[in-house]
Structures are given as C-alpha cells and as structure tokens.
2 protein chains.
Amino acid sequence: MAKFLIVGGVAGGATTAARLRRMDESAEIIMFERGEHISYANCGLPYYVGDVITERENLLLQTPESFKKRLNVDVRIKNEVVRIDRENKLVEINDLINNTSYTETFDKLIVSPGAEPIKPPIPGIKDQAIFTVRNVHDTDKIKTYINENKPKKAVVVGAGFIGLEMAENLHHLGMMVTIIEMAEQVMTPLDYEMAAVVHQHLKVKNVEFYLNDGVSQFKRETDHLEIQLQSGRKVDADMVILSIGVKPETKLIKDAGIELAPNGGIKVNEYLQTSDPNIYALGDAMAFPHPITGKYTNAYLAGPANKQARILANNLVLGHKQTYKGAIATAIAKVFDLTIGSTGLAEKVLKKEGISYVSNIIHSGSHSGYYPGAMPTTIKITFDPKTGKLYGAQIIGYLGVDKRIDLIATVLQKGGTIYDLQEIEHAYAPPYSSAKDPVNQAGFTAGNIIEGLVNIIHWDELLQSHAASNFILDVRTPEEFELGQIEDAVNIELDEIRNHLDEIPRDKKIIIYCGVGLRGYFAARILMQKGFTDVCNLSGGYKTYE
Amino acid sequence: MAKFLIVGGVAGGATTAARLRRMDESAEIIMFERGEHISYANCGLPYYVGDVITERENLLLQTPESFKKRLNVDVRIKNEVVRIDRENKLVEINDLINNTSYTETFDKLIVSPGAEPIKPPIPGIKDQAIFTVRNVHDTDKIKTYINENKPKKAVVVGAGFIGLEMAENLHHLGMMVTIIEMAEQVMTPLDYEMAAVVHQHLKVKNVEFYLNDGVSQFKRETDHLEIQLQSGRKVDADMVILSIGVKPETKLIKDAGIELAPNGGIKVNEYLQTSDPNIYALGDAMAFPHPITGKYTNAYLAGPANKQARILANNLVLGHKQTYKGAIATAIAKVFDLTIGSTGLAEKVLKKEGISYVSNIIHSGSHSGYYPGAMPTTIKITFDPKTGKLYGAQIIGYLGVDKRIDLIATVLQKGGTIYDLQEIEHAYAPPYSSAKDPVNQAGFTAGNIIEGLVNIIHWDELLQSHAASNFILDVRTPEEFELGQIEDAVNIELDEIRNHLDEIPRDKKIIIYCGVGLRGYFAARILMQKGFTDVCNLSGGYKTYE
Ligand SMILES: Cc1cc2nc3c(=O)[nH]c(=O)nc-3n(C[C@H](O)[C@H](O)[C@H](O)COP(=O)(O)OP(=O)(O)OC[C@H]3O[C@@H](n4cnc5c(N)ncnc54)[C@H](O)[C@@H]3O)c2cc1C
Ligand SMILES: Cc1cc2nc3c(=O)[nH]c(=O)nc-3n(C[C@H](O)[C@H](O)[C@H](O)COP(=O)(O)OP(=O)(O)OC[C@H]3O[C@@H](n4cnc5c(N)ncnc54)[C@H](O)[C@@H]3O)c2cc1C
Ligand SMILES: CC(C)(COP(=O)(O)OP(=O)(O)OC[C@H]1O[C@@H](n2cnc3c(N)ncnc32)[C@H](O)[C@@H]1OP(=O)(O)O)[C@@H](O)C(=O)NCCC(=O)NCCS
Ligand SMILES: CC(C)(COP(=O)(O)OP(=O)(O)OC[C@H]1O[C@@H](n2cnc3c(N)ncnc32)[C@H](O)[C@@H]1OP(=O)(O)O)[C@@H](O)C(=O)NCCC(=O)NCCS
Ligand SMILES: [Ca+2]
Ligand SMILES: [Ca+2]
C-alpha cells in the first residue's frame, strides 16, 4: 500500500489527492494544509469581496469532512509541513491547532504550496488597512474591515489581473478606486497599445490610475492612510490592496536541498518530479521550461495546476507514462465591461528574448455586423516571419474574447501556425461569428504579411519615422478624414484610388492607413501592383494609432 | 491578362472575386448572378423575417456598384449562365433584364451556384402561402405576405437549422408555430438524446411539433391552408415555410459533361478543380471527400464556402499550391434560448458507416458554479475506442456553446484525439470557464473509458438490457432519489458506499448512475477496485436517461 503525502490542499494539492484516490482506492493519502480551508476557489476571491459571489460557502468546493467522506483522504488543516527529511523519507509537521510537532513518513511526497503575495519593505506596509488577497482568510479580513469601517476610498497597488479584478470589485461596492502601477501600463501580459484600450476603459469607468509610479511610504493619518508615491504625488485611502505580484513558496524545498530552477521556482522534469525522485511538485511554486522560449517559468494559473495534478497522480500510480508539456500562459480577465485574454508571448517578450517575430493587429466584430449586438474585438498576434509559427495572442473585446483566445491557444500549444488559424472550421451562425471568424482573419492578414502581399508598419514605427520622406495616404472617406487624421496625411478614398494614381508620388515611401487596416490593405494591393515599390499599411489602422 | 468568369455572386462567388482582385489587379473578372442581389447575408435571412435584423440594406454586404468601385469586378445581376461550352471555353448567358442571350469566353471558369430548397411534388405545394427561404427575394415575398395578411398561425415543414431558425423568428413575430418533421427528431446532425433537449425546449417555448410525420397534401381553404399529414392528422396554417433540405445546383455542370460525385455534388480535387481543368467549383454545390469517412459530401455551410473561395483564388493566381482539406461540418444554431453546436460525425452516422466508436455524454456548467450565471451545458463526443481519435461532438447549452464546439472542431479537424482535449490550455477566470473546462472534462471522461478505468452504459442500452440480471445502483442522495429514479434502482449515496459494500451483490452486473455521471464514475472506481468485476456507469446520468 503506497503512502502519499501532499503539501498544500488547494488547486494542485487537492486535485492530486482526488485523482490519486480514484486511481488507487487502497493508497494512504494524507493532505496537509497550513490554513483553515482546503479546495477553495482562489479565483473567486475578488468577486466574493465585491459581493458578486454572495455566499461564502460557495467558495469552499470541499471541506476536510467531505474530502474524507467522498475520497477517503486524511486531510489535516492547520498543519504546516516545516521540514523534509529526504534520507528518511519523512516530513516534520507543525500542528498549529495544538501547537505540537510530529513527523510522517512517505513513499512519495507531493508539494503544491503555491505562491505568496509580495510585500516589499515599504515604510508603513504593516498597517491594518493594507491587505493582500491570497486565500479565504484574507478575504474574510477584507470583508470584516469593509463592514466595520465603510471605506470610501480604496487604493490598489499593482495592476495585474488580480489588482484589476479587485479594483472592479471595490468599485462595485461603491468605493472610489485609485490604481498605482510601477510600469507604464496595466496588465503585464499585454503590449502597450493593447493595454491602452484598458486604460481608456478604466477612465470611462471613473477608476483613477497612476502609471510609472510606485509607493514610497504608507503614512497613517487618524482616519485614513496617506500614500506617498515615488513621483512625490500623495494619494489618500481608507484601505489598500497590495497586488504587485507573487513569489513561489519554495523555502521547504530549498531547505531540503532540492534543486531550484534559475527563475527560483521548483525545478521538475516532464513527470513533474523534482531532483529528488521521491518528491514531486506542481502548481504556482513549480517551474517548467516554457514551450517556446525553453526557459524555466512558473505558470501562476489554476488551469495548469489542475491539469498537472491529474498527470502527476497518473504517473504516481501507473509509473512515468504521461508527460507534462508546459504552460503557454493562457489567461483571461474581466475588467468591467471588457474581457482581456492573452496567450503565449507578447511582442515585448519576443523582443527581449531576441526571437525574430512579426506582430499584427486587427479589429473585427464579435459576430456578423448585420445581426444586432456585435461588439468590437481587437486581436494582436505575434508569429515567426518565415514559418508563421504562432508565438502569442492578445485579445480585447466585450463578447467572445474567451472563445477566440482559447482557439488561438489551442493552435499555439500544438506548435501551430497562422495557416492553421486560416483553416479553423469554426461554427458560424449570425449570433456567434462571421463566415470568416476574426481568428481566421488574423490568420489571413498574417499570411498576407508573410507572403509579401502587404508590408505593414506599426503605430510606434510610424511615430518614429521621418515625415518628409513619407507620403501618408488616408484611404478612408472624406467624412472620416474630417473627424481626425494623422498629421500630413493626404485623403484619397479607397474606392477612388484607381482614378487618382497620378496624385501619389512614386519616389516616396507610401504609408497607407484606414480605420482598422482592411481598406488600407486593399489600397496597398492596388498600389503595389500598379508599380509603387515602397508601400506599407498601418497595422490596426487609425483605431490603434489613435 | 487572365479572364475569370464566376457563376454565382454570393458566398462562394463574391468571395472568390474579391480575393482574385486583391491577388491580381489586372485580371478581367466577370461575376454572373441570376438573381437581383449579390453578396447578401443568406444566414441572416430568418432574422430579417423575424424583425431581429431590422434594416434590409444590412443584408446586402455589397452591391454591384460597390463591387465595381472597390474591386473593379464586372458584376452582372439578372444574368443567368445557362450553358458551358468547354471546347471553346465560353459560356452562354441569358440576360434576364433584356431577355437576350450572349456568350462570354474564359480562361478559367469558377462555379458557385449554391443549392436550392427541395420542393417535393406534394399536392397543393404551389400555394402562394407556401414559402422557401434561400435569398433576399424569398424573404421579401415572405415579409410582404406577412404585412398584407397578418398570419396568426405558421407551419414550418422540416426541422433542420433553417426550419428551427424560421420557427423562432415567426414565433418572435407573435405567430403560433407548428413544426412538422419526418424524422423522429429535430436537427439531423444531433443524436436522438441530444435532440430530445431541443424538443423539451420547444415545448417550453410553446412551439408545437409533430415528429415522424410528413405532409401528404396542402389543401387551400378560403382563408387558410389545411395541411394533411401522412398520419391522418390535420393542421391549419395561415402560412407555411418549407425547409426540408436543399439540393445542389448542378444542372449547368452536369449538362456540360463534367463529373459529379456519387452523392450528386460537383466533384473537385484538392485544388477545387472539376474534371475539366479549366473549371473550378466551390460552395454548396461542390462535393469533397469527408475528412473522416472519405466519402464525397457537400458542406452547405457559409464558413467553408468563404474559405474555399480564398484557396481557390490563390490557386488560380499562384498555381496549384494550396490544398483544400474538406469540411467536418461544424455548425451552430440558436433555437430560442438554446445554442446547439455540432461538428464531425454523430453516433448514428458512425453506426451507419460501420466505424467502431465510443460515445460519451457529460453535463457541466458554462463556467464556475460559484460565479453567478453559470448555465448547464451538455457535451456528447464520439471517438475511436482504441486511439481516442475524435470523430464528432454535439453541444447544447445556453452560454459558451460556440466556444466549445469551435475548440473541439479545431482539434478534430487536425486529426486530434481526446488526449488533446485533456491538454487544452484554455483561458480561465470564473466568468468564463472552470479550472478544468468542460472540454477538458470531456477528454478526461473519454480517457477513463478508453483506459478501462470505467465502463459506461448508454440510456438506450439500459432500456434494452434485462433487469433481473442487473443491480441498478443509484448513488445520489436520498433526497434526489425521492424525486425520481430508475425502476428497481437501489439507493446508496456515494459518500456512504465504502460502508455498504456488502449490500451490493457480487454476482450481478452493477449499473451505477447519479445525476450527470460524475458521482457514478467515482462510485464505479471504488467498486471496481473492491473486486466487483462487472460494473458500469450510466453515461450522462439520470439527466440524460430522463
Ligand atoms: C485572488 C486570486 C485570483 C486568482 N484568479 C485566477 C484566475 O482567474 N485564473 C487562474 O487561472 N488563476 C487564478 N489565480 C491563481 C490560482 O489560484 C493559482 O494558480 C492556483 O491556485 C495555484 O495552485 P497551487 O496548488 O499551486 O497553490 P494554492 O492553490 O495557492 O494552494 C497552496 C496551498 O498550500 C498551502 N501551503 C503552503 N505551504 C504549506 C506548507 N508548508 N504546509 C502546508 N500547507 C502549505 C497554502 O496555505 C495554500 O493553501 C488566482 C489567485 C488568486 C490569489
Ligand atoms: C436561410 C439560410 C440560412 C443559413 N444559415 C447559415 C448559417 O447560419 N451558417 C452557415 O454556415 N450557413 C448558413 N447557410 C448556408 C450558406 O448560406 C451557404 O452555405 C452559402 O451561402 C453557400 O455559398 P454558395 O456560394 O455555394 O451559394 P449561395 O451563397 O447560395 O450563392 C449561389 C448564387 O448563385 C446563383 N446562381 C446559381 N446558378 C446560377 C447561374 N446558372 N447563373 C447565375 N447565377 C447563378 C444563385 O442565384 C445564388 O445567388 C444558410 C442558408 C440559408 C438559405
Ligand atoms: C474540488 C477539487 C478537489 C476537485 O477535484 P477533482 O475531483 O479532480 O475535479 P472535478 O470535480 O473537476 O472532477 C473531475 C473528475 O470528474 C470526472 N468527470 C467530470 N464530469 C464527469 C461526468 N459527467 N461523468 C463522469 N465523470 C466526470 C473527470 O473525468 C475527472 O475525473 P478523473 O480526473 O478521474 O478523470 C479540486 O478541483 C479543488 O480543490 N479545486 C479548488 C481549488 C482550485 O482549483 N482553485 C483554483 C480555481 S478557483
Ligand atoms: C462581402 C464579400 C464579398 C467580402 O469578401 P472578402 O473581401 O473576401 O471578405 P472580408 O470582407 O471578410 O475581408 C477579408 C479580407 O480582408 C483582410 N482583412 C480583414 N481584416 C483586416 C484588417 N484589420 N487589416 C487588414 N486586412 C484585413 C483579410 O486578410 C482578407 O483579405 P485576403 O483574403 O486578401 O487575405 C463576401 O464575403 C460576401 O459576398 N459575403 C456575403 C455572402 C456570404 O458569405 N454569405 C454567407 C454568410 S451570411
Ligand atoms: Ca511594435
Ligand atoms: Ca447510443
């Protein structure tokens, strides 16, 4: 009878325990959780704070009792594993209820301790009105604070997914919310021009934000906190959420002399086995080679943790048969009315990694324009300029973002190309898509770039390039042109262009743009075939440029 | 300068013309359309009838004028191509405006004539209150009839996608709607138990339907039609929509001696070239080997037609470089509040084709149960019992059906397996999915079946199998059991099963069921590992059985 010990009782740990039991009815399985709860919905926590999820018990998918009953797993909450003795294959546990300590032996040890919110040593950071959000206990504290103090003004430090979800939920409770972010943009997985759409939306929603700025001090005043920023700016707050990132819980593993990856996560092989063959790791704390860069990275996502768990349990019971292939970091967040999805590598990462790439942006409708309710959707993809191999995608919109990021992720995960995007046979009826889905269109436009049917220029390149040597051609209608245009642009409407070729200089670089890129592409095709040699189309059109 | 003639000016034809022009600015392109309109949104027609799409002009994506202006294509509406002279590479055209006839030569001829609604020779079928829905003209007639006659009672004959869309839209206008369908179910691409969900929904929506019944006569009474059914039943109607299927428009091609496929469609090779190397075909009229069965089939779908068009245009300009790979028939329809998606081969088709398969049904939520608004979703997949290669999927639900059918279609299209479904790294946040998406769960459950971790039984097999040799075990809670159960079932709740093993006979076949299949699977795992040798779990649980 095999004896499995599991450290951590939530996404990675509990899911491993569940599959282990289904695979092996007779194994001894003990799951240690240092907190009070197991199997809770981490991802639901912001919504519980915001009263979108109203029942606390709905967050608790399993309890120690239900886990025992249904899965016959020995769950020990408020039990912290504090030391691994690899030689004797045992762990030392602090029983936080009885303040005692004991040991437990194992055949195999599974470690899924997660990651903890980063709390830098900023003066005043220990104030009782400053919170992090990791577990049910944290949200209990936040909710109690809100109920007792009725805060009116909240500051969220750090504008990642969790920070923005918290901002939305505090706003939903009626608070005035200010976000403070060190980077030049919210949401690191996005490139700047995509994040800009989120910035715009936050403004519309009356959420204040300061970018390129960090906290230098939290100063307690009688009834509020004064937050002093590195820029010198001061912001008042009744409460603060710190969401500036997480770091993997690796102390236990490190102390046991088990190998860490260069990025600081717990290094595992494709069977999720650490450098000690009897110890396995998964979840947020674990580092695995990224499928594209090959560099060890942590995923910090619930989906991968859950899937790793099943693979791990299979391998523990059946032997090393199923390999884990790594996460491409497919993520999504609702930010007010927007949905923001991303997968794979952003342009800025590709740049940093020195991987040669092309990126392109398209704007489409979430479904056929003639059927009511279609909403704008922006898709940016990055890909190999020669083979078309997909590197990443970012999608922002209101409807159907989830489906499109899933589709691209599925192709990307299999090493697919933009040609695979062209071929996707999606389900089409007017309420759901168009005969060519935006994902197909992303593939078509990318194909045109690779095959040299069109050259593109990006908004930032256009901003940098020198105007005198360029002829900037706006192919929108005169009405659209009137409403706003790029400096020095000349307007010749697409439908008239064949009759006005002599008004376009042959000795200049022709930079064409339209609203979103489509008409510009059509115009570029005409000019390129009419002997204009240096023609390019603005990726994403005026909409992205603006 | 190449000269291309195109027959048909809508999905296949117009899209080919557009891409041809972008690929070759100097080609001569003439597009013939026998009707009054080009580039119209066929798929939007039912919604235009139902006043969901309110502007007629929104259906007309392009006009002959705009096509000329933007794409420099010579569009000739009300011009019907009536004969192909292959030897002289010319076609004969009837100009329906001037009632004249003329010829036009070609280098390449592209044929996308579509398919026409079937109108069997039923007595009375020519009545002016009986309509088919193919083009804008048809819906103009329907709308005029509705405006002038204010029909109260409509009958829809044929319950395919278009029939059901029409039923919903006429119902939306306030009519009492009755559907008549020859088959035992609505929506042929679905298997019976999935269609049953639609039947249920139609009842809820107060749409009457008669299955297993056909029309024997339409009898004109003074102010209405009496529809006599083969069963002897009579149904009155103020108007009738005939939507019993379509047949490809192949006369032109057949008369020219060009090869048809065994199924009657226009046979093409992977370059979409007919048996005449100068003539190409695409769209509804074209037949191509099905990627799984290898049999020639027509797609009758706008997505494939649009994608074929682009491939075809590429091959015409660049030479035969890009191959078409066939359609797996991914389709979707909104039927009132339900969304119904399907892709690949249904169980009944696999049975008929003699392909060995397994099918499985799961019920999940559209997103995490703890986040508000999650809706039930039912997924049925069919797959190879050994390799797990995917054959088909059917999904019914209220939210996110489109995304999940697209995901499975994308995997299926590439020859993927249920193991690929397990690995899909979807985007997860509570409003969009669960940490394990229902599509992952479909893969997990299928994997468990293939690997012999569980045996399943289907509702129809259970109905047929002899009760005395079976022990039917209901593992739901006593409360659920009280509300309804399968005959002769014994209730032992899952969480208690380990303590009641001695109440379960070892000499009988144990058929376990629960609500949806999940707890039944857990119970099966326990029993199988406790020495029970003949154990199976009811696929889809009581929900599907019921
Ligand atoms: C607020 C929030 C929102 C999120 N939203 C999303 C989302 O929308 N989508 C998404 O994909 N992901 C989301 N995540 C991330 C997701 O929850 C994690 O990726 C996932 O839970 C990681 O699983 P894990 O098992 O590694 O860690 P956890 O689920 O955090 O579990 C680790 C557990 O181990 C316990 N533990 C640690 N050390 C010990 C020890 N020595 N002894 C005993 N117990 C120990 C900890 O107390 C903890 O309960 C969110 C996370 C948070 C905090
Ligand atoms: C009501 C309705 C709803 C639909 N809904 C959906 C949906 O939701 N999703 C989906 O994927 N598909 C749907 N379809 C199917 C989709 O519209 C077709 O698959 C697609 O239009 C086929 O393209 P095609 O070019 O082959 O034929 P069509 O688009 O029908 O175009 C063929 C054209 O050729 C013309 N023509 C034929 N013969 C000649 C000739 N000899 N000379 C000149 N012109 C000729 C015809 O007049 C016709 O206009 C729907 C169809 C209908 C009718
Ligand atoms: C609650 C928890 C223990 C459940 O783990 P689990 O039992 O493995 O997962 P699920 O409830 O999704 O069930 C999946 C199992 O049911 C099976 N299943 C699902 N639907 C089924 C159906 N209709 N019929 C039969 N089996 C079904 C799957 O095959 C799978 O079993 P397998 O792994 O043995 O193949 C675990 O997910 C957990 O702790 N979650 C909370 C923490 C967390 O994930 N947080 C991050 C997200 S907020
Ligand atoms: C209207 C119609 C002629 C348009 O054909 P089309 O121009 O090929 O199709 P789209 O309007 O989708 O445009 C697609 C082109 O724009 C390009 N494109 C799309 N978005 C772009 C963007 N943001 N920037 C640059 N190019 C873009 C695509 O790459 C593609 O060009 P390509 O094929 O040369 O690569 C044709 O689709 C039609 O007749 N439709 C109605 C009939 C029909 O389909 N009915 C069934 C469905 S209801
Ligand atoms: Ca750039
Ligand atoms: Ca069956």
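## Calcium sites

In this predicted model, the calcium ion designated ligand 5 has two protein donors, A:Glu347 (OE) and A:Asp460 (OD), which lie 2.6 to 2.9 Å from the ion. The pair links distant parts of the chain, 113 residues apart: A:Glu347 belongs to helix α9 (residues 347–353) of chain A, and A:Asp460 to helix α13 (residues 459–464) of chain A. With a relative accessible area of 11%, A:Glu347 is buried, whereas A:Asp460, at 23% relative accessibility, is partly exposed. The threshold that applies here is 20%, under which a residue counts as buried.

In chain B, the calcium ion designated ligand 6 is coordinated by B:Glu347 (OE) and B:Asp460 (OD), at 2.6 to 2.8 Å. B:Glu347 is located in helix α9 (residues 347–353) of chain B and B:Asp460 in helix α13 (residues 459–464) of chain B, so the pair ties together parts that are 113 residues apart in sequence. B:Glu347 is buried, its relative accessible area being 11%, and B:Asp460 is partly exposed at 23%.

## Relation between the two chains

A turn of 180°, with a shift of 0.0 Å along the axis, lays chain A on chain B with an RMSD of 0.0 Å. The two copies are therefore related as by a two-fold rotation axis. The contact surface follows this relation: 100% of the contact residues of chain A recur in chain B, and the same surface serves both copies.

Among the residues of chain A, A:Lys403 comes closest to the rotation axis, its C-alpha being at 2.2 Å.

## Ligand sites shared between chains

Ligand 4 is surrounded by 31 residues, of which the closest are A:Asn448, A:Tyr521, B:Arg19, B:Arg22 and B:Arg310. Because the surrounding residues come from chains A and B, the site is shared between chains. From chain A, a backbone N or O atom of A:Leu518 lies 3.4 Å from a nitrogen atom of ligand 4. From chain B, an N or O atom in the side chain of B:Asn42 is 2.8 Å from a nitrogen atom of the ligand, and an N or O atom in the side chain of B:Thr15 is 3.4 Å from an oxygen atom of the ligand.

Ligand 2 also lies between chains A and B. Around ligand 2 there are 30 residues, and those that come nearest are A:Tyr428, B:Gly12, B:Glu33, B:Ser112 and B:Asp284. A polar backbone atom of A:Tyr428 is 2.8 Å from a nitrogen atom of ligand 2. On the side of chain B, a backbone N or O atom of B:Gly12 lies 2.7 Å from an oxygen atom of the ligand, and a backbone N or O atom of B:Val81 lies 2.9 Å from a nitrogen atom of the ligand.

## Parallel sheets of chain B

One open sheet of chain B has 5 strands in the order β9-β16-β10-β11-β12, with parallel pairing. Strands β9 (130–131) and β12 (208–210) stand at the edges; each has a single partner strand, so one side of each is left without a neighbour in the sheet. Within this sheet, strand β10 (residues 153–157) and strand β11 (residues 176–180) run parallel and are joined by 5 bridges. B:Val156 stands opposite B:Ile179 in β11 of chain B.

A further open sheet of 5 strands in chain B follows the order β27-β31-β30-β28-β29, and its pairing is parallel. The edge positions are held by β27 (456–457) and β29 (490–491), each with a single partner strand, so one side of each lacks a neighbour in the sheet. Strand β28 (residues 470–474) runs parallel to strand β30 (residues 509–513), and 5 bridges join the two. B:Phe471 stands opposite B:Ile510 in β30 of chain B.

## Surroundings of B:Asn537

B:Asn537 is placed in strand β31 (residues 535–538) of chain B, a strand of the sheet with the order β27-β31-β30-β28-β29. At 5% relative accessibility, B:Asn537 is buried. A polar atom of its side chain lies 3.0 Å from the backbone oxygen of B:Gly517.

Leaving aside neighbours within four places in sequence, the residues in contact with B:Asn537 include B:Ile456 and B:Ile457, the residues spanned by edge strand β27 (456–457). B:Ile512 and B:Tyr513 are also among the contacts, and their positions fall in strand β30 (residues 509–513). Further contacts of B:Asn537 include B:Val454, B:Asn455, B:Gly520 and B:Tyr521.

Key
Residues numbered from 1 in each chain as written. Chains lettered and ligands numbered in written order. Predicted model: local features only at pLDDT ≥ 70, side-chain atom pairs only at ≥ 80, totals over all residues. Heavy atoms only, no water. Donors = N, O, S within 2.8 Å, 3.2 Å for Na, K, Ca; no water. Helix = DSSP H or I, 4+ residues; strand = E, 2+ residues; numbered from the N terminus. Buried < 20%, exposed > 50% of the residue type's maximum accessible area, 1.4 Å probe, protein only. Least-squares fit on C-alpha atoms with pLDDT ≥ 70 in both. Contact = heavy atoms within 4.5 Å. Pairing = 2+ DSSP bridges. Near = heavy atom within 4 Å. Polar contact = N/O pair within 3.5 Å; in protein donor to acceptor, adjacent residues only side chain to side chain.
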